[in-house]
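Here is a chain to work through by question and answer, with attention to burial, packing and charged pairs. Please keep the coordinates open while reading.

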Amino acid sequence: MIIESMYFPPVSVLMEFKANHRITIDQGEYYRKGSFRNKCFLNSANGPQLLIVPLVKGKNNLQPMRDVKISYDENWPKMHTASIRTCYGNSPYFIFFIDLIENVLNSRPKFLIDLNQQALSILTSYLLPDVEVYYSNEYIDNGVAVDRRDSCRITNYLDYKINHYAQVFEDRKGFVPNLSSLDLLRCLGKYGNNYL
């Protein structure tokens, strides 16, 4: 399966990873607005909360992903960390993963592709240990594998059917489907592998 690089991708994307067992992240494809390349949804007390990794100003749309630079004009790693702590401080597996996630956010990589690779490494280590992930350096002109690039976007992520698992704030807001895989990791820990 071929897919684009994402910032803590939605749960449905990890489900596809597990179903295919071998994934290629296309690092040569182009950045597109409205995607999860630099965004993810957390579960907050007020409903889904969108986190956005800001990019260096300029024409990022349709720029090769390997060239998309992260902006640190604002201290967004601190803001993302605070949001994650607020949303998941009471989750069952919060303490086990907070340091790993904060280390990724505070590593301040120059390029979005590097941030996403570090984030995915945490997720695959604990949730998908049997899935092989490869990274292409050039755009893949698909002819063989299942091409899932740009299939899950901000506009359609709720269309994916996700089975229920116990979430933080579920007693107030009900189950919120297809959030960032951070939600699954915080709520189920490594047992999220069985869920997937």
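Q: Is V168 buried or exposed, and what is its relative accessible area?
A: This is a predicted model, and V168 lies in its loop between β5 and α5. Buried requires under 20% relative accessible area, and V168 meets that cut-off, so V168 is buried, with a relative accessible area of 12%.

Q: With which residues is V168 in contact, leaving aside its neighbours within four places in sequence?
A: V168 is found in the loop between β5 and α5, and contact here stands for heavy atoms within 4.5 Å. Leaving aside neighbours within four places in sequence, V168 is in contact with N43, C87, Y88, S91 and C187.

Q: How far apart in space are V168 and I122, C-alpha to C-alpha?
A: In sequence, V168 and I122 are 46 residues apart. In space, taken from C-alpha to C-alpha, the separation of V168 and I122 is 21 Å.

Q: Which residue in the loop between β5 and α5 has a phi near 70 degrees?
A: Most residues other than glycine have a negative phi. The residue asked for has a positive phi although it is not glycine, and it is buried, with a relative accessible area of 13%. Its place is in the loop between β5 and α5, and the residue with phi near 70 degrees is F169.

Q: Which residues have the most contacts inside the largest nonpolar core?
A: The largest nonpolar core has 58 residues, and the elements that each supply at least two of them are α1 (11-20), β2 (22-26), β3 (39-44), α2 (76-88), α3 (94-106), α4 (112-127) and α6 (181-188). The largest share, eight residues, comes from α4. Inside this core, the residues with the most contacts are F17, I84, I101 and L112.

Q: Which residues does I101 touch, not counting residues up to four places away in sequence?
A: I101 is one of the residues with the most contacts inside the largest nonpolar core. Not counting residues up to four places away in sequence, I101 touches F8, I84, I122, L182, L185 and R186.

Q: Why is α6 largely enclosed by the rest of the structure, and against which elements do its buried residues pack?
A: Eight of the eight residues of α6 are buried, so this helix is largely enclosed by the rest of the structure; the residues concerned are S181, L182, D183, L184, L185, R186, C187 and L188. After α6 comes G189, whose phi is positive, near 60 degrees. The buried residues of α6 pack against α1, β3, α2, α3, α4 and α7.

Q: Which residues does N193 touch, not counting residues up to four places away in sequence?
A: N193 has its place in helix α7 (residues 192-195), and at 17% relative accessibility N193 counts as buried. Not counting residues up to four places away in sequence, N193 touches K18, Y126, L127, L128 and P129.

Q: How many residues apart in sequence are the parts that the pair R37 and D150 ties together?
A: R37 forms a salt bridge with D150, with the closest N and O atoms 2.9 Å apart, and both R37 and D150 are buried. R37 lies in the loop between β2 and β3 and D150 in the loop between β5 and α5, so the pair ties together parts whose separation in sequence is 113 residues.

Q: Which residues are joined into one network by salt bridges that share partners?
A: The side chains of E29 and R37 meet in a salt bridge at 2.6 Å, N to O, and both of these residues are buried. D150 and R153 also meet through their side chains in a salt bridge, at 3.1 Å, N to O, where D150 counts as buried at 19% relative accessibility and R153 as partly exposed at 22%. Salt bridges that share partners join into one network E29, R32, R37, D150 and R153.

Q: What accessible area do Y30, L62 and Y139 have together?
A: Y30 is found in the loop between β2 and β3 and is partly exposed, with a relative accessible area of 35%. With L62 and Y139, Y30 forms a nonpolar patch on the surface, and their accessible area together is about 320 Å².

Q: Which element of the chain has the lowest mean pLDDT?
A: The chain averages a pLDDT of 94, and 99% of the residues score at least 70. Among the elements, the highest mean pLDDT, 98, belongs to α2, and the lowest, 91, belongs to α5.

Definitions and conventions: Residues numbered from 1 in each chain as written. Predicted model: local features only at pLDDT ≥ 70, side-chain atom pairs only at ≥ 80, totals over all residues. Heavy atoms only, no water. Core = buried A, V, L, I, M, F, W, Y, C linked by side-chain atoms within 4.5 Å. Buried < 20%, exposed > 50% of the residue type's maximum accessible area, 1.4 Å probe, protein only. Helix = DSSP H or I, 4+ residues; strand = E, 2+ residues; numbered from the N terminus. Patch = residues over 30% accessible without salt bridge, like charges linked within 9 Å, V, L, I, M, F, W, Y side chains within 5 Å. Areas by Shrake-Rupley, 256 points an atom, 1.4 Å probe, with all protein chains shown as cover. Salt bridge = Lys/Arg side-chain N within 4 Å of Asp/Glu carboxyl O. pLDDT = per-residue confidence, 0-100.
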